[in-house]
Amino acid sequence: MDRPSGCARAAKLAAEKENPMKIAKIEDLHCDAGWRDFSFLKVTTDDGLVGWSEYNEGYGSAGLTAVIRRLAQSLIGQDPRPIERIMSTYYAVTRQAPGGINQQAMAAIENALLDVKAKALGIPVYALFGGPVRDRLPLYWSHCGSYRLRSADILGVEPVQSLDDVVKLGKYVKDCGFRALKTNIFRFDLDPPSMHLPGFARSPGHPELNADGAVLAAIADGLAAFRQGAGPDMNIHLDTNFNFKTEGYIKVAQACEPYNLSWLEIDSYDPEGLRLIRDRARMPVASCESLFGRRQFRPYFENRSIDVAIIDVPWNGLMESLKIAAMAEAYEINCAPHNFYGHMSTLMSAHLCAAMPNFSVMEIDIDDVPWKDELVTHPPVVQNGELVVPTRPGWGADINEEAIRAHPPRNPHP
């Protein structure tokens, strides 16, 4: 009884070897997402399979689409399934300009190829890597209050313009079933109220990046308001981005001590300086969301600079992200995804969280443009502050191209 089945499988494998699947077309699609664009890569094979990934051309990555197009053109006519070989080749040809936009372009291609391969096998992407370890992922509500401070009209929600509004929002997050939130630094002492973002040259304080008394007071006031509204059991994370230098981050950590943070999030390209901050901080330190590849992460692990490693799947690619997570495991470090993009990115990041053993918590943006759900065929399912890991083949959803066309991008992509 087994022999015909085995013969059929052998015949199928022989046919695939003789006539392998080939990439027929690679396209990029873009749509308006309020204060930025969402961007997607579409890989179509000669037998009609389509693989998707999401990438982001904002936040310092201008020109990424052009790099993706240049790298991807060599894949036309190739079998999309030997992904490790393809990515090893890309690493070699970009060796003299590693990381940065090259790595983001490689990641976009890698992630779309993973979607193709998993769909060809009829399995979720995480099954390619031995997963899932878990089928539900605890979430934290990211940019809590941040988008409501500056873009409430686009979101169609009540604006956050005072500490009282922060208290109300904290209670609302708790009532929605979330057990964790992450916020930024709000300056309600300024007119108009704004976020403190000198690290990105978006507010006063650039380029010095000093932590003065007014900023430290604003941090304390904002955390106190969230703690009042969300209650003592809420896991609160503070993201300070690149807004200070080592000396300033130590002051910030001291200002945060009364509020029982789940982590203080810091961006720093100095692993030894970050270790100094961690030694003096009385709360866990998370970092590394702006790094590329194992080689950049390694000194942060070796220096014991962090408690939680944050990995960006759209920037690194899922395969490389899992390798980073495996390296972190050897240092007894758990990992969390950097995920402040669209739903396709959330699904991609969910596969990382489902497959890696050393998982901490998953980031998600709840506040977003009203048409966000329309952009994918199956939006992520969130229940009681947890994401339900999808079981459909590939990432678990496709892009709705009609919805993409209904919301033209803010920036041209010729």
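Is K119 buried or exposed? I begin with this residue, and I should say at once that the model before you is predicted. K119 lies in helix α4, and K119 is buried, because its relative accessible area is 18% and the cut-off for buried is under 20%. The side chain of K119 reaches the backbone oxygen of V50, at 2.8 Å. Apart from its neighbours within four places in sequence, K119 is in contact with L49, V50, G51 and W52, and also with P393, G394 and D398.

V50 brings me to the sheet. The sheet is open and has 3 strands in the order β1-β2-β3, with antiparallel pairing. At its edges stand β1, residues 23–32, and β3, residues 50–55; each has a single partner strand, so one side of each is left without a neighbour in the sheet. On average, and with direction ignored, neighbouring strands of this sheet are turned by 20 degrees against each other.

Let me turn to the pairing itself. Between β2, residues 37–45, and β3 there are 6 bridges, and the two strands run antiparallel. S39 has Y55 of β3 as its bridge partner. Two helices pack on this sheet. Helix α2, residues 64–72, touches β1, β2 and β3, and its direction makes about 175 degrees with that of β1. Helix α4, residues 100–121, also touches β1, β2 and β3; the direction of α4 makes about 150 degrees with that of β3.

On the other side of the pairing, β1 and β2 are joined by 9 bridges and run antiparallel. Here the bridge partner of H30 is S39 in β2. S39 is therefore a residue to look at twice, as it is the bridge partner of H30 and has Y55 as a bridge partner in β3. The hairpin of β1 and β2 has 4 residues between the strands, and in it G34 takes a positive phi near 85 degrees.

I now move to two helices, α6 and α7. Helix α7 covers residues 213–230, and its 18 residues reach 26 Å from first C-alpha to last, close to the 26 Å expected at 1.5 Å a residue. At the start of α7, a side-chain oxygen of D212 comes to within 3.2 Å of the backbone nitrogen of A214. After the helix comes G231, with a positive phi near 90 degrees. Which residues of α7 are buried? They are V215, L216, A218, I219, A220, G222, L223, A225, F226, R227, G229 and A230. These buried residues pack against α6 (163–175), β5 (180–183), β6 (186–187), β8 (235–239) and α8 (246–256).

Helix α6 has 13 residues and reaches 19 Å from its first C-alpha to its last, close to the 18 Å expected at 1.5 Å a residue. Buried in α6 are D165, V166, V167, L169, G170 and V173. Their cover includes β4 (136–141), α5 (146–155), β5, β6 and α7. The residue that follows α6 is G177, whose phi is positive, near 95 degrees.

One residue of α7, L223, is also touched by L261. L261 is placed in the loop between α8 and β9 (263–265) and is buried, with a relative accessible area of 5%. Not counting residues up to four places away in sequence, L261 touches L223, I236, L238, C256, M283 and P284. L261 and K182 are 79 residues apart in sequence, and their C-alpha atoms are 9.8 Å apart in space.

I close with the aromatic residues. How many aromatic pairs does a search of the whole structure find? The search finds 13. F186 and F188 make an edge-to-face pair, at 5.9 Å centre to centre and with 65 degrees between the planes. F186 is buried, with a relative accessible area of 5%. In another pair, F292 and W315 have ring centres 4.9 Å apart and planes at 5 degrees, so the pair is stacked. F292 lies in the loop between β10 (285–287) and α10 (293–302), and W315 in helix α11 (residues 313–316), so the pair ties together parts that are 23 residues apart in sequence. F292 is buried at a relative accessible area of 11%, and W315 is buried at 14%. Finally, Y59, F340 and Y341 form one aromatic cluster.

Definitions and conventions. Residues numbered from 1 in each chain as written. Predicted model: local features only at pLDDT ≥ 70, side-chain atom pairs only at ≥ 80, totals over all residues. Heavy atoms only, no water. Expected span 1.5 Å × (residues − 1). Buried < 20%, exposed > 50% of the residue type's maximum accessible area, 1.4 Å probe, protein only. Contact = heavy atoms within 4.5 Å. Polar contact = N/O pair within 3.5 Å; in protein donor to acceptor, adjacent residues only side chain to side chain. Pairing = 2+ DSSP bridges. Axes fitted to C-alpha atoms, helices over the stretch in contact; angles between N-to-C directions. Phe/Tyr/Trp six-rings, centres within 6.5 Å; stacked < 30°, edge-to-face > 60°.
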